[in-house]
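This report describes a single protein chain, beginning with its surface and overall form and then turning to individual helices and residues. Please keep the sequence and the structure in view while reading.

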Amino acid sequence: MLRRTGALVIDWLLCVLISSLFADPVRSGWPPVVVLIAEYGIFLGLFAQTPGMWLARIRCVSDADGGRIGVPRALLRGLLLALVIPPLVMDERRRGLHDRAAGSVVVAVPS
(Lines give C-alpha, C1' and ligand atoms only; values in the text may rest on other atoms or scores of the structure.)
Protein backbone atom coordinates (compact mmCIF):
# COMPACT_ATOMS: atom_id res chain seq x y z
CA MET A 1 0.00 0.00 0.00
CA LEU A 2 2.89 2.35 0.74
CA ARG A 3 4.29 1.92 -2.78
CA ARG A 4 0.93 2.69 -4.36
CA THR A 5 0.49 5.81 -2.25
CA GLY A 6 4.03 6.96 -2.99
CA ALA A 7 3.51 6.41 -6.72
CA LEU A 8 0.28 8.40 -6.64
CA VAL A 9 1.93 11.29 -4.77
CA ILE A 10 4.75 11.41 -7.34
CA ASP A 11 2.28 11.29 -10.22
CA TRP A 12 0.14 14.00 -8.64
CA LEU A 13 3.13 16.31 -8.20
CA LEU A 14 4.05 15.78 -11.86
CA CYS A 15 0.47 16.56 -12.87
CA VAL A 16 0.48 19.78 -10.87
CA LEU A 17 3.77 20.82 -12.48
CA ILE A 18 2.55 19.99 -15.99
CA SER A 19 -0.83 21.67 -15.51
CA SER A 20 0.92 24.81 -14.25
CA LEU A 21 2.23 25.25 -17.81
CA PHE A 22 -1.27 26.02 -19.10
CA ALA A 23 -3.34 26.87 -16.00
CA ASP A 24 -3.07 27.94 -12.38
CA PRO A 25 -3.61 24.75 -10.34
CA VAL A 26 -3.90 26.81 -7.14
CA ARG A 27 -6.92 28.76 -8.40
CA SER A 28 -8.50 25.97 -10.43
CA GLY A 29 -8.28 22.38 -9.23
CA TRP A 30 -9.45 20.65 -12.42
CA PRO A 31 -6.30 20.98 -14.62
CA PRO A 32 -4.14 18.58 -12.55
CA VAL A 33 -7.03 16.09 -12.45
CA VAL A 34 -7.38 16.18 -16.24
CA VAL A 35 -3.61 15.72 -16.61
CA LEU A 36 -3.71 12.79 -14.14
CA ILE A 37 -6.45 11.04 -16.13
CA ALA A 38 -4.51 11.60 -19.37
CA GLU A 39 -1.28 10.39 -17.74
CA TYR A 40 -2.97 7.21 -16.60
CA GLY A 41 -4.52 6.67 -20.02
CA ILE A 42 -1.23 7.05 -21.87
CA PHE A 43 1.28 5.54 -19.46
CA LEU A 44 -0.80 2.69 -18.04
CA GLY A 45 -2.39 1.93 -21.38
CA LEU A 46 0.88 1.75 -23.29
CA PHE A 47 3.55 0.93 -20.69
CA ALA A 48 1.64 -0.53 -17.68
CA GLN A 49 3.36 2.04 -15.42
CA THR A 50 3.12 5.73 -14.69
CA PRO A 51 6.35 7.56 -13.83
CA GLY A 52 5.45 7.28 -10.14
CA MET A 53 4.80 3.54 -10.47
CA TRP A 54 8.13 3.13 -12.25
CA LEU A 55 9.93 4.78 -9.34
CA ALA A 56 7.92 2.72 -6.82
CA ARG A 57 8.65 -0.47 -8.82
CA ILE A 58 5.02 -1.47 -9.33
CA ARG A 59 2.94 -2.12 -12.47
CA CYS A 60 -0.75 -2.05 -13.30
CA VAL A 61 -1.63 -5.04 -15.47
CA SER A 62 -4.68 -6.90 -16.69
CA ASP A 63 -6.12 -9.18 -14.05
CA ALA A 64 -7.04 -11.71 -16.75
CA ASP A 65 -3.70 -12.21 -18.50
CA GLY A 66 -1.06 -10.00 -16.84
CA GLY A 67 -0.62 -7.87 -19.98
CA ARG A 68 -1.21 -4.18 -20.55
CA ILE A 69 -4.74 -2.95 -19.93
CA GLY A 70 -4.86 -0.67 -22.98
CA VAL A 71 -5.71 3.01 -23.25
CA PRO A 72 -9.54 2.83 -22.88
CA ARG A 73 -9.40 0.76 -19.67
CA ALA A 74 -6.53 2.91 -18.36
CA LEU A 75 -8.60 6.06 -18.95
CA LEU A 76 -11.54 4.46 -17.12
CA ARG A 77 -9.24 3.55 -14.24
CA GLY A 78 -7.83 7.10 -14.11
CA LEU A 79 -11.28 8.66 -14.21
CA LEU A 80 -12.52 6.48 -11.36
CA LEU A 81 -9.33 7.08 -9.38
CA ALA A 82 -9.94 10.82 -9.70
CA LEU A 83 -13.27 10.32 -7.89
CA VAL A 84 -11.24 9.29 -4.78
CA ILE A 85 -13.91 6.96 -3.34
CA PRO A 86 -13.12 3.86 -5.50
CA PRO A 87 -9.56 3.46 -4.14
CA LEU A 88 -10.93 3.47 -0.60
CA VAL A 89 -13.14 0.41 -1.22
CA MET A 90 -10.69 -2.48 -1.57
CA ASP A 91 -11.17 -6.21 -1.75
CA GLU A 92 -9.00 -8.95 -0.24
CA ARG A 93 -6.52 -8.63 -3.14
CA ARG A 94 -6.15 -4.87 -2.54
CA ARG A 95 -8.05 -4.03 -5.72
CA GLY A 96 -10.11 -0.87 -5.46
CA LEU A 97 -13.33 -0.32 -7.37
CA HIS A 98 -11.29 1.44 -10.07
CA ASP A 99 -9.14 -1.71 -10.49
CA ARG A 100 -12.15 -4.00 -10.61
CA ALA A 101 -13.97 -1.83 -13.15
CA ALA A 102 -10.89 -1.72 -15.38
CA GLY A 103 -10.06 -5.40 -14.85
CA SER A 104 -6.63 -4.48 -13.54
CA VAL A 105 -4.37 -5.35 -10.64
CA VAL A 106 -1.27 -3.61 -9.28
CA VAL A 107 1.72 -5.90 -8.86
CA ALA A 108 5.35 -5.52 -7.84
CA VAL A 109 7.93 -5.38 -10.63
CA PRO A 110 10.04 -8.55 -10.54
CA SER A 111 13.64 -7.96 -9.53
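## Surface and charge

The accessible surface of the protein chain amounts to about 6400 Å², and carbon and sulfur atoms contribute 69% of it. The model is a predicted one, and the values below are computed from it.

The charged side chains comprise 12 positive and 8 negative ones. The centre of the positive set and the centre of the negative set are 3 Å apart.

## Overall form

The protein chain contains 6 helices and 2 strands. Their order along the sequence is α-α-α-β-α-α-α-β.

The radius of gyration is 13 Å, which agrees with the value near 13 Å that a compact globule of 111 residues would have. Along the principal axes, the C-alpha atoms occupy a box of roughly 40 × 30 × 25 Å. Of the 111 residues, 38% are buried. Among contacts with a separation of 6 or more, 56% join residues that are 24 or more positions apart.

## Helix H2 and its surroundings

Helix H2 covers residues 30–47. Its 18 residues should span 26 Å at 1.5 Å a residue, and the C-alpha atoms at its ends are 25 Å apart, so the two values agree.

The buried residues of H2 are Pro31, Pro32, Val35, Leu36, Ile37, Glu39, Tyr40, Gly41, Leu44 and Gly45. These buried residues pack against helix H1 (2–19), helix H3 (51–56), strand E1 (58–62) and helix H4 (71–82). Just after H2, Ala48 adopts a positive phi of about 65 degrees.

## Two positions in helix H1

Cys15 is located in helix H1. It is buried, because its relative accessibility is 1% and the limit for a buried residue is under 20%. When neighbours within four places in sequence are set aside, Cys15 is in contact with Pro32, Val35, Leu36 and Glu39; each of these four residues is listed among the buried residues of H2. Cys15 and Leu79 are separated by 64 residues in sequence, and their C-alpha atoms are 14 Å apart.

Thr5 is also found in helix H1. Its relative accessible area of 44% makes Thr5 partly exposed, whereas Cys15 is buried. The C-alpha atoms of Thr5 and Met53 are 9.6 Å apart, although 48 residues separate the two in sequence.

## Leu76 in helix H4

Leu76 belongs to helix H4. With a relative accessible area of 34%, Leu76 is partly exposed, because that value falls between the 20% limit for buried residues and the 50% limit for exposed ones.

Leaving out neighbours within four places in sequence, the contacts of Leu76 are with Ala101 and Ala102. Helix H6 spans 97–102. Leu76 and Ala38 are 38 residues apart along the chain, with 10 Å between their C-alpha atoms.

## Loop residues

Arg57 sits in the loop between H3 and E1. Its phi is positive, at about 60 degrees, although Arg57 is not a glycine. The relative accessible area of Arg57 is 41%, and the residue is therefore partly exposed.

Arg94 is placed in the loop between helix H5 (85–88) and helix H6 (97–102). Arg94 is a residue other than glycine with a positive phi, near 60 degrees. Its relative accessible area is 49%, so Arg94 counts as partly exposed; the limit for an exposed residue is over 50%.

Gly67 lies in the loop between E1 and H4. At 24% relative accessibility, Gly67 is partly exposed. Not counting residues up to four places away in sequence, Gly67 touches Val61 and Ser62. Strand E1 runs over residues 58–62. Gly67 and Ser104 are 37 residues apart along the chain, and their C-alpha atoms are separated by 9.4 Å.

Notes
Residues are numbered from 1 along each chain as its sequence is written. This is a predicted model: local features need pLDDT of at least 70, side-chain atom pairs count only at pLDDT 80 or more; totals for chains, interfaces and linings use all residues. Side-chain values use heavy atoms; hydrogens and water are left out. The radius of gyration is taken over C-alpha atoms; the globule rule is 2.2 Å times the number of residues to the power 0.38. Buried means under 20% relative accessible area, exposed over 50%, partly exposed in between (1.4 Å probe, protein chains only). Contact means heavy atoms within 4.5 Å. Accessible areas come from the Shrake-Rupley method with a 1.4 Å probe; for residues, only the protein chains shown count as cover. Lys and Arg count as positive and Asp and Glu as negative; His and the chain ends are not counted. The place of a charge is taken as NZ of Lys, CZ of Arg, CG of Asp or CD of Glu. The expected span of a helix is 1.5 Å times one less than its number of residues.
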